[in-house]
Amino acid sequence: MTIQADITRAGHTRSCAQALRIGLAPDGLGVGASVGRAGTPGVTEEEAAGPPTDDFDESCLVLRTEGLPGTPIDYGTDLAHRRMQRVTALALDELLRLLGPDGTLTVDGAYQPDHPGLRGQGRALVLRHSVLSAGELSARAFDAGFDFVKVAQTGPPAAAAAPHVEVAVAAGEQIGVRGPTEIAVNEEATIVASPHPAPAEACFAPDGGRVYLSLPGSHRITSFTVTAGTPQDFPQLSPAASVPVDPFPGPLSFSGGRLYVAHPLSEAVVVLDPATLSPTAPALAGPRPVALGTDGSRLFVAHAGDRTLRAYDPQTQAQTDSLVLPGVPVALAVSPNSPVLAVLLDGGRFCVVSRAGLQLQGSALTTAPRTDVRTAVFTPGGTKLYVACVQQDSGTGSVRVYQSGATTPSATLEGFPGNTLPLTLCAATDGRHVYVATARSGTVAGRVHVIDTTADRLLPLAFSPGGDSRALAVSPAAAPYRPCVLAAPEEAASVLLADPAPLDRSSPLPPQLISRQVLGPGGAQELSWSVTSSGHGRVEASSLVNPVSRVRGRAPGAVLVRAGYLTVGGPKPYQCEVRLNQELDDTGAELSKDRYDLVLNILNWFHPLGVEFRTERLRSHVREFAGTTAADLLPAYTFPTYHRADQSRPHFLPPDKDEQR
């Protein structure tokens, strides 16, 4: 409600007003009662929060990551209870703030795809509290700003089922933008679209037919098919599957015909079907699994929680061996052609373990004083181990090379640009090169450097994927296409394939970028930033397509910065599409050329400035155009000459197109 006061003096009136929101009584609603945001009692969910919307996109749902033991919220074991729209998550945040630390809020329902109401779009929740009654919880939910609040009971009162609270919110923005709300002129700031994929690791299937990406930014696993016409052709990527998984998926490994995904925070390694990405076996439990590796016949898991290395049979998921490590594991390096594997440890150390029986070989080796180890890789033959190191004092990166069985490095490669840190190592299948993805180096950030393993030297030129790439992989030797290098920059929302053939020239050149596949939170989706000024304010963005971008203030004032995800191949924000309705489109209905020309005539006459119309889907239904493309057709055939846009118009004729025939 609004309280207003008017003061009149000498014929002049001045007013002041104060908005006041009145909450529910402390004991809240009774069973079966409901209330809307405006205080209207007895409303339905649709009356208070609106109907489901046509633009809902499941891939943009927020996955709540809190709810670990000791926190005041519990989502249970159903992953869907963590998934909701951004506006729902914001209201839930406010409710948690009002509830405080006493008691636990339980989410019994959130996103449910087959639900006819707002839960089918992640805009409604089912809640309980361990201390508050349902009525008391309903009062807190009303104060938190939910648009619909109801106390309901699942079964009849005689069944003694505890009542619960159902809440819902009105439709809102499905994409969020994280960043500062104010910057100065000439000041730069980072803005981030939420959700965004932030790929962390990549893994090829052994036959090269698919590649898998771990996306902790959107909490999903995404796969692409990798195909080529002949073994001499370069491969192309096509989206295959994308599924939500437990929070913060990490390392990947393909073993025994299954895809394994480590979740350090959930303390589990999940087992997924490589085609559908659905769980196919119980997860492997263990404290903080931080690294995975395979030799083709066994899966190795390093657990930071209890400092153990465990081996599993990938066919049965049965544990076969275990070893207590001399430190906290950081990463693994495994080769099927080496009798040992390497475990990187805290304190800049690593140890060597026999693959058969998991026996520690000697004591842990120290790379250098005050040095951290990041990642390591064996050459395919298993004769050399490359270890990426970072000096703590100077932040200088290096790669140390250890021959098989050696305790001291045979070479130390330090030729990286200043402040460049090795991020990921990956060995080519022919063993001639090791790729080093680096990070945090200003103008040379996001480079992939190449090591010549024959001479153990750093080649002078680097490949630039456009950002820091923790996800780096090479195609397997069994792949039925030309070798390729895959990089997925964390901030660029894309998957790149590069051809390593230029490295074999007499004067080696870096791998050549061949193809790029955009990557959104749910697969092939393209991000687009827009900037709208509401006055004299002006900013410049470093990128209009990357989910992580930087803006610089150019003129003072208010500016609206918005992000949106578009379907690849679909209309852009400045485009409109003219097509048949979905039913006719799906049935392949035919359209005559005359009717198609009529549509073009209408577009030509009413075409607004700054808008681009797309008609390719409509053109595909025209029988006269069957088997042709737009490039095959003369403009005069697809658009009659008496309606040409460049036809001069006599000044004495009125601007009527019909009179120009």
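Start by clicking on Ile-3: with a relative accessible area of 45%, Ile-3 is partly exposed. Keep in mind on this tour that you're looking at a predicted model. Ile-3 sits in strand S1, which covers residues 2–9. Now add Met-1, Leu-20 and Ile-22 to your selection, and show the surface: together with Ile-3 they make a nonpolar patch of about 410 Å².

**Zoom out**

Next, select the whole protein chain and colour it by secondary structure. You'll find seven helices and 46 strands. The C-alpha atoms fill a box of roughly 95 × 80 × 60 Å along the principal axes. Of the 661 residues in the chain, 46% are buried. What share of the exposed area comes from carbon and sulfur atoms? They supply 52% of the roughly 31400 Å² that the chain exposes. And if you take contacts between residues at least 6 apart in sequence, 50% of them join residues at least 24 apart.

**Stop at the backbone oddities**

Go to Ser-194 and Pro-195 and look at the bond between them. Here's a cis peptide bond, with omega at about 5°. Pro-195 belongs to the loop that runs between strand S12 (188–194) and strand S13 (201–204).

Now jump to Phe-248. Its phi is positive, about 55°, even though Phe-248 is not a glycine. You're in another loop here, between strand S16 (236–244) and strand S17 (252–255). Is Phe-248 buried or partly exposed? It counts as partly exposed, because its relative accessibility is 34% and the partly exposed class spans the values between 20% and 50%.

Then select Asp-456, which also has a positive phi, near 50°, in a residue other than glycine. Look for Asp-456 in the loop between strand S35 (448–452) and strand S36 (457–458). Asp-456 has a relative accessibility of 11%, so it counts as buried; the cut-off for that is under 20%.

**Follow the charges**

Colour the charged side chains next. The chain has 53 positive and 64 negative ones, and the centres of the two sets lie 5 Å apart. The structure holds 26 salt bridges, so let's visit a few of them.

Select Glu-94 and Arg-97. Their closest N and O atoms are 2.6 Å apart, and the pair forms a salt bridge. Both residues lie in helix H2 (residues 86–99), three residues apart, which is about one turn of the helix. Glu-94 is partly exposed, with a relative accessible area of 26%, whereas Arg-97 counts as exposed at 56%.

Move on to Asp-346 and Arg-349, whose side chains meet in a salt bridge at 3.2 Å, N to O. Asp-346 counts as partly exposed at 31% relative accessibility, and Arg-349 counts as partly exposed at 21%.

Now select Arg-470 and Glu-490. In this salt bridge the closest N and O atoms are 3.6 Å apart. Arg-470 lies in the loop between S36 and strand S37 (471–474), while Glu-490 lies in the loop between strand S38 (485–488) and strand S39 (494–499), so the pair ties together parts that are 20 residues apart in sequence. Arg-470 is partly exposed, with a relative accessible area of 33%, and Glu-490 is partly exposed at 25%.

For the last stop, show Glu-58, Arg-83 and Arg-220 together. Salt bridges with shared partners join these three into one network.

Methods:
Residues are numbered from 1 along each chain as its sequence is written. This is a predicted model: local features need pLDDT of at least 70, side-chain atom pairs count only at pLDDT 80 or more; totals for chains, interfaces and linings use all residues. Side-chain values use heavy atoms; hydrogens and water are left out. Patches are made of residues with over 30% relative accessible area and no salt bridge: like charges are joined within 9 Å, nonpolar side chains (Val, Leu, Ile, Met, Phe, Trp, Tyr) within 5 Å. Accessible areas come from the Shrake-Rupley method with a 1.4 Å probe; for residues, only the protein chains shown count as cover. A salt bridge is a side-chain nitrogen of Lys or Arg within 4 Å of a carboxyl oxygen of Asp or Glu. Helices (H or I, at least four residues) and strands (E, at least two) are DSSP runs, numbered from the N terminus. Buried means under 20% relative accessible area, exposed over 50%, partly exposed in between (1.4 Å probe, protein chains only). Contact means heavy atoms within 4.5 Å. Lys and Arg count as positive and Asp and Glu as negative; His and the chain ends are not counted. The place of a charge is taken as NZ of Lys, CZ of Arg, CG of Asp or CD of Glu.
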